[in-house]
Every structure is written in C-alpha cells, then in structure tokens.
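Student: Hi, I have a new model open and could use some company. Shall we walk through it together?
Tutor: Happy to, let's bring it up.
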Amino acid sequence: MPDELLGALDASHDAFIQALSNVDADLVTVPGVMDDWSVRDLVVHVAFWSEHGADALALAAAGRGEEFAYSTAETDAMNARILAEGRSISPAAALAREDAAFTAFRTALAALDPSLLAVRLGNGDTVEEVVRYDGPEHYAEHTAHLRAWFAPDEPEADG
C-alpha cells in the first residue's frame with residue numbers, strides 16, 4: 001500500500017507540475033483559475049495542504065495521531081486564510097514553498113511504517129485517508145482547474 005500511495009502522490013504531483021508548465025507567465029497572478037484565485041494562489045494552496053498532510057504523518061509516526069483534529073467544517077476558513085496570506089508572496093516563492101512541501105510530504109510518506117496507514121487520527125480519518133485527500137486527490141482536483149483555464153483542449157489524465 002505505501003508504494004501505491006507514493007505512486008499516486010508522484011503521478012498527481014507530476015500532472016500538476018505539467019499543467020503548470022502550460023501557464024503563461026504573464027497570467028500567474030491574474031484571478032480566474034478557480035473563482036478569484038490565481039495560479040500563484042492555487043500553488044500556495046496545494047503547498048499548504050501538502051504541509052498539512054506531512055504534519056498528520058509526523059503526528060502519527062510520533063504516536064500522537066490524536067492531536068490531528070482537523071475538521072472539514074474548518075476547510076473554508078482555512079482556505080480563505082491561506083488565500084489572503086498567499087497573495088503577499090511572489091510566484092517564485094509560491095513555487096519554492098510547494099516544492100518543499102511536496103518533498104516533505106513525500107519523504108514522510110516514504111518513511112512511514114505501513115502499519116500506521118490504518119491508524120485513526122484525532123479527526124476520525126485514517127492516516128491513509130489524509131494522505132489521499134491532502135495529496136493525490138487534491139493535486140488532481142487543482143490540476144483539472146489549471147487545465148481547464150490554460151489548456152482547455154488538453155485531455156485530462158487520471159491522477
């Protein structure tokens with residue numbers, strides 16, 4: 001299972017990076033990719049959620065999974081805060097943050113004891129569920145947004 005999760009995370013991240021390569025540099029901070037979000041905003045957003053996933057893995061690995069108390073009821077407020085904070089950073093800084101966040105998430109997943117994937121965290125989700133929704137599913141969701149805005153004729157790939 002960890003190899004399958006790593007593969008899914010890598011594939012979805014690769015697809016996201018590929019979709020970013022279609023972005024016209026002049027449009028990186030223009031709203032519209034997803035509501036009033038720009039590409040930079042979206043990159044900061046996925047970076048945050050990769051950090052969130054890495055935090056969950058760190059807590060699980062340390063035997064403190066009960067401290068992971070994220071609730072989906074908090075998602076909109078968290079996303080609004082991330083959006084506001086992210087608008088003050090440069091596109092280059094957003095890309096650097098995403099790269100570091102993905103690398104940390106992937107490294108933590110690769111090092112995780114596979115038996116911990118079934119552990120229930122403080123919010124009731126398993127470690128595996130958090131990995132999937134903060135990683136492959138999240139990258140795939142926002143890859144679709146990038147493709148729809150910048151390459152509407154490009155076929156969507158599973159990721």
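Tutor: We will look at a helix, a core and a surface patch in this predicted model.

Student: How many residues does helix H1 have, and how far does it reach?
Tutor: H1 covers residues 2-20, which is 19 residues. From first C-alpha to last, H1 reaches 27 Å, close to the 27 Å expected at 1.5 Å a residue.

Student: Which residues in H1 are buried?
Tutor: Among them are Leu5, Leu6, Leu9, Ser12, His13, Phe16 and Leu20.

Student: And what do the buried residues of H1 pack against?
Tutor: Four helices: H2 (39-61), H4 (91-111), H5 (127-134) and H6 (136-150).

Student: On to the largest nonpolar core. Which residues touch the most other members?
Tutor: Val39, Leu109, Val127 and Leu146 do, out of 42 residues in that core. At least two core residues come from each of H1, H2, H3 (75-86), H4, H5 and H6. H2 gives the largest share, with 12 residues.

Student: Let's zoom in on Val39. What does Val39 touch?
Tutor: Leaving out residues up to four places away in sequence, Val39 touches Leu20, Val23, Val28, Val33, Leu146 and Phe150. Leu20 is one of the buried residues of H1.

Student: Now the outside. Which residues make the nonpolar surface patch?
Tutor: Leu27, Val30 and Trp149 make a patch of about 210 Å².

Student: Where is Val30, and is Val30 buried or partly exposed?
Tutor: Val30 sits in the loop between H1 and H2. Val30 counts as partly exposed because its relative accessible area is 31%, and the partly exposed range runs between 20% and 50%.

Terms used: Residues numbered from 1 in each chain as written. Predicted model: local features only at pLDDT ≥ 70, side-chain atom pairs only at ≥ 80, totals over all residues. Heavy atoms only, no water. Expected span 1.5 Å × (residues − 1). Buried < 20%, exposed > 50% of the residue type's maximum accessible area, 1.4 Å probe, protein only. Contact = heavy atoms within 4.5 Å. Patch = residues over 30% accessible without salt bridge, like charges linked within 9 Å, V, L, I, M, F, W, Y side chains within 5 Å. Areas by Shrake-Rupley, 256 points an atom, 1.4 Å probe, with all protein chains shown as cover. Salt bridge = Lys/Arg side-chain N within 4 Å of Asp/Glu carboxyl O. Core = buried A, V, L, I, M, F, W, Y, C linked by side-chain atoms within 4.5 Å.
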